[in-house]
Structures are given as C-alpha cells and as structure tokens.
Amino acid sequence: MAQQEDVFKKIVSHAKEYGFVFPSSEIYDGLSAVYDYGQNGVELKNNIKRYWWDSMTLLHENIVGIDSAIFMHPTIWKASGHVDAFNDPLIDNRDSKKRYRADVLIEDHIAKIDEKIDKEIAKAAKRFGDSFDEAQFRATNGRVLELQAKRDELHQRFSDAMNANDLEGLRQIIVDQEIVCPISGTKNWTEVRQFNLMFKTEMGSTADGSMTVYLRPETAQGIFVNYLNVQKTGRMRIPFGIAQIGKAFRNEIVARQFIFRMREFEQMEMQFFVRPGEELKWFSQWKEWRLKWHKALGLGDEKYRYHDHEKLAHYANAATDIEFQMPFGFKEVEGIHSRTNFDLSQHEKFSGKKIQYFDPELNESYTPYVIETSIGVDRMFLSVLCSSYEEEKLENGETRVVLHLPAPLAPVKCAVLPLVRKDGLPEKAREIVDELKFDFATHYEEKDAIGKRYRRQDAIGTPFCITVDHQTLEDNTVTLRERDSMKQTRVPVDQLHALIHDRVSLASLLRKLR
Ligand code: ATP
C-alpha cells in the first residue's frame, strides 16, 4: 500500500512536470481541490471527450448531443431535489479542526476490515500453494469468518443509518467503532450535520432584485429541461438519447486524491429515454456497452469491476458504478442509473408544462423512463494516467519513465527529430512535419541528443518518433521508433502517414465497440 502511495505521488509530480495538470492559482499558493490542465493535459482530456462523444453520437443514430448553460432557473434544483437533499453528512474533529464526511470515515473503516480479510487470504494462499481453494478457506477459516461477520454487521448498520438519514446513528457508529481522526489521532468528534454541496451565487444587480442561482452540480438537468425541445425539433422517437459534456460544481467537504475529487470538474452524461417497463432491459444493455467502452482502451480488463448500489436514491430502481483500480484502491469512475420517470415528472409538476411522449406504436402517451450514464472526465483522465505510467528498467540498467497511453488518446501522436542540427536535416524534418500536421498532432524537436529527446517523448506518451538522418536525404527513408517496444524500423517517408494512422486514429478505437 505504502508503495502504491509512493507511485501515486510520483504520478502527481509527473503530471505537473510534463504539463498535464497544475494546481490552480499556484503562484497564490493554490486553491483547494481545483486544478488546471496544461498543454499536454488539455490534449489528452480533449481526446477522452472526443472518444466518448463520438462513441455516443456517431455510433448510435438515436443519440444526439446538446450543450446547455451552466446557469439554470433555480426552480430546476428544487424540482430535482438538489436544494433539499444534495447533502453530505459532515463531522468535525475538535482537536485537529479537520472536517470529514461521516460516511467516508465509516467506509474507510470497512475497507480496513476488507484489507485484513484479504491479508489472511494472501497469507494462506502462499502457505497452501497450488492446492489453495479460496472459497473453501473463506467458508471455514475462523479468523476470516469472524472478520466477515463483523464487517457484514457494520455494513448493515451503516446502510440502515444512511437510508434513514439517521445522523445520530452515523455518529454512534463512529463512536462505537472507535474511529479516530487520522490527523490528531483522537476521538473528540462533533455532532454530524448535513451540508449542501451546491455553490450559490447572485444573478442580476441588487437594485433590480437579484436572484440566487446555483452552479450546476450535474449536467443531467440541462438535458431533462431540454427533453421536449430536442424530441420535437429532432423528431426523435423513443428509445433515444441526449448526450452532453460540461462543467459541474460541488462544494466537496473533503477534497483529496488529486483530480479524483474536485470542486469544479467535468462530466460526460447521456440520458436515454425509454418506454416504462423497458428500463431494466436498457439498464443492463448500457451497463454492458459502457464497460466495453472502457475496456477497448486496453488499460487492463482486470482493472474494472461493477459495484451495484445497495442504497438506491429514492428515484432510482437500479444503479451500478464502474470502478477502476486506482493506486488508492478500486474507485468509482462512472455511474449507470435507472432513474425511472422521476426527473421528467418533477419538471412537469414544477413547471406546469406537459412533458409526455406520444408513442405511435402503442398509441398512448406516457412520461418516458430514463437510463443515465454519467462519467467524470477528470476521473477518466486519472485512470488513464495512472495505468499508463511506468518506470521501466531497461536492459542496459537505465530506467525510463514512459506513459503507455492508448495511442488515439496521446496528446502528441508523433515527433519528428532531425539527428543533428545541420546538413539540411532540420529542413527535411520540417518538410515531414508540414505533411503530417494536418492529420496528427506532430512535434518538431531538434534540441539535445537524440536519446534525451526520445525520453522526453516517452514521458508524455508520444506513440511514434520519426528520426531524420543523412540517409534520409539519399533515399527518403526515416527511422520510425515505437514508444512501447522502442523498436526502430526504417520506413519510406511516403508510408509514414498510413503507418501512423493505423495506430493512432480514433476510428480504430471506435471500431472495437462494434
Ligand atoms: P462520489 O460518491 O465519488 O462522490 P457520486 O456518486 O456523487 O461520486 P455522481 O453524482 O454519480 O457521483 O456523478 C457521476 C460521475 O461524476 C462520477 O462517477 C464521477 O466520475 C464524477 N464526479 C462526481 N463528483 C466528482 C468530483 N467531485 N470530482 C471529480 N469527478 C466527480
């Protein structure tokens, strides 16, 4: 675990050193849980967004996109339930003055018990070797059974308290389990209080009578309130979907783990409108499609798992998370929710407008049901970054830091490098750049020894380096070096385009989704 934390620290500093992610307002000592994307980060982020957008809007003829405003009529947040219920339970430690989410303190405590169970299993697996039967061990080992019973009981108590919004119950769990503050090490806790996560601001001048508006905490509501517009103007027929990418804001109580939990972040959400009664069929379909989208990136199938929700929001009738193995454990990257007709019905009620669909096949009108897929761009970015980072030991004893980014997502697709800065090689290299730059993000670099330049490109995940040498001037061939294998091949300049395209095009990734 400590080793993993070390790796994570290295990834965070790598992200800064190579222009991926900077702390916000750094020269003023930063702003907590807000980050800026640098020159390479913005490209990687845009490529992730393009992959998602195209997979939704190009591959599904019944999904279209919108881009709604961040500010919306405040009644929307009343209707959606966010004004009254978008809360986290918070608790303070009186000694350290640190504030925590009560539910997270308990979840972390449960995770520690899980770790203990895993340790027992790992120990036994080592002892028994090939003959080890994990299921049997779990069912019979006294220590594991005892830990598991303790865990299950605690989990049940926790779920009950959360479902009942029982703040005193949550506090009692913290007291009974003797959970201490990680900073002060004491159990000197305050009461648990509800804290609304929405940011507020004023719209209009006070003289006119200003109005309190919210920075949207999710992009989904912009889709719901435009449902009728899109359905009518696009002549959409159910089932159909509306996709949107945009900023969302949450005043998170505890911001930690770098860009995993931010106060300003970006979401990619798609609401799929279906017939009542067909929602669970579509829910499993979208569960499958979304996991396939993740796995197509080749980051490692074993790094994903579903986590079905036990505690369902009052409007949902099924919900699952796609979790990814981050250096700090399996964490939610995407949520897939069957939201029933809750949101549309609420907007119908609060706005007084009829939001119904006339189904010509059934010859009846109804409020559509909704399946939502909601993924955080920044969390997706983090999962790609973490799983691509490697400190690779080379045969010659050296170490290189390489980002094995999926080629279509890489900020720079190829770098053109003249071997030396004379003899017409820079001019020839520029000629190649001028050919490739229309289709691929292409870098030109002539400074430093060639080995050093390769390393710099490895560190930002550039899939190909093209080296121009004296032979290039004679036979119009170059060396094409591949990032992961470091294999170098001599290829004619006129084949470069096809060779690069084959590996880096987004289409090659999208084809895997068929
Ligand atoms: P969590 O339980 O981690 O707070 P959530 O269940 O509240 O997340 P949703 O409301 O389902 O998250 O939001 C959908 C997606 O938006 C999440 O899967 C995540 O990728 C992203 N997301 C949510 N909150 C944040 C945040 N503070 N920073 C970055 N991404 C976020």
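Helices (H or I, at least four residues) and strands (E, at least two) are DSSP runs, numbered from the N terminus. The views below come from a predicted model, in which local features need pLDDT of at least 70, side-chain atom pairs count only at pLDDT 80 or more, and totals for chains, interfaces and linings use all residues. Residues are numbered from 1 along each chain as its sequence is written, and side-chain values use heavy atoms, with hydrogens and water left out.

**View 1. Strands E10, E13 and E16 around the ligand.** Strand E13 (329–338) gives the largest share of the shell, five residues. Strand E10 (264–274) and strand E16 (369–376) also give two or more residues each. Sorted by class, the shell holds four nonpolar, five polar and seven charged residues. Here Ala, Val, Leu, Ile, Met, Phe, Trp, Tyr, Cys and Pro count as nonpolar, Asp, Glu, Lys and Arg as charged, and the others, Gly among them, as polar.

**View 2. The residues that come nearest to the ligand.** There are 16 residues around the ligand (each with a heavy atom within 4 Å of it). Glu252, Arg261, Met262, Glu332 and Val333 come nearest. Look for the polar contacts, which are pairs of N or O atoms within 3.5 Å; within protein, one must be able to donate a hydrogen and the other to accept it, and residues adjacent in sequence count only if both atoms are side-chain atoms. Arg261 places a polar side-chain atom 2.8 Å from a ligand oxygen, while a polar backbone atom of Met262 is 2.8 Å from a ligand nitrogen. In the side chain of Arg379, an N or O atom is 3.1 Å from an oxygen of the ligand. Taken alone, the ligand exposes 600 Å², and the protein buries 84% of that (Shrake-Rupley method, 1.4 Å probe).

**View 3. Strand E12 and its partners.** Strand E12 (residues 318–326) has eight of its nine residues buried (under 20% relative accessible area, 1.4 Å probe, protein chains only). Strands pair if DSSP finds at least two bridges between them. E12 runs antiparallel to strand E11 (residues 304–308), with five bridges, and antiparallel to E13, with nine. Follow Glu323: its bridge partners are Arg305 and, in E13, Glu332. E12 and E13 form a hairpin with two residues between them.

**View 4. Asp92 in strand E4.** Asp92 sits in strand E4 (residues 87–92) and counts as buried because its relative accessibility is 12%. Its side chain makes a polar contact of 2.6 Å with that of Arg193.

How values were computed:
Buried means under 20% relative accessible area, exposed over 50%, partly exposed in between (1.4 Å probe, protein chains only).
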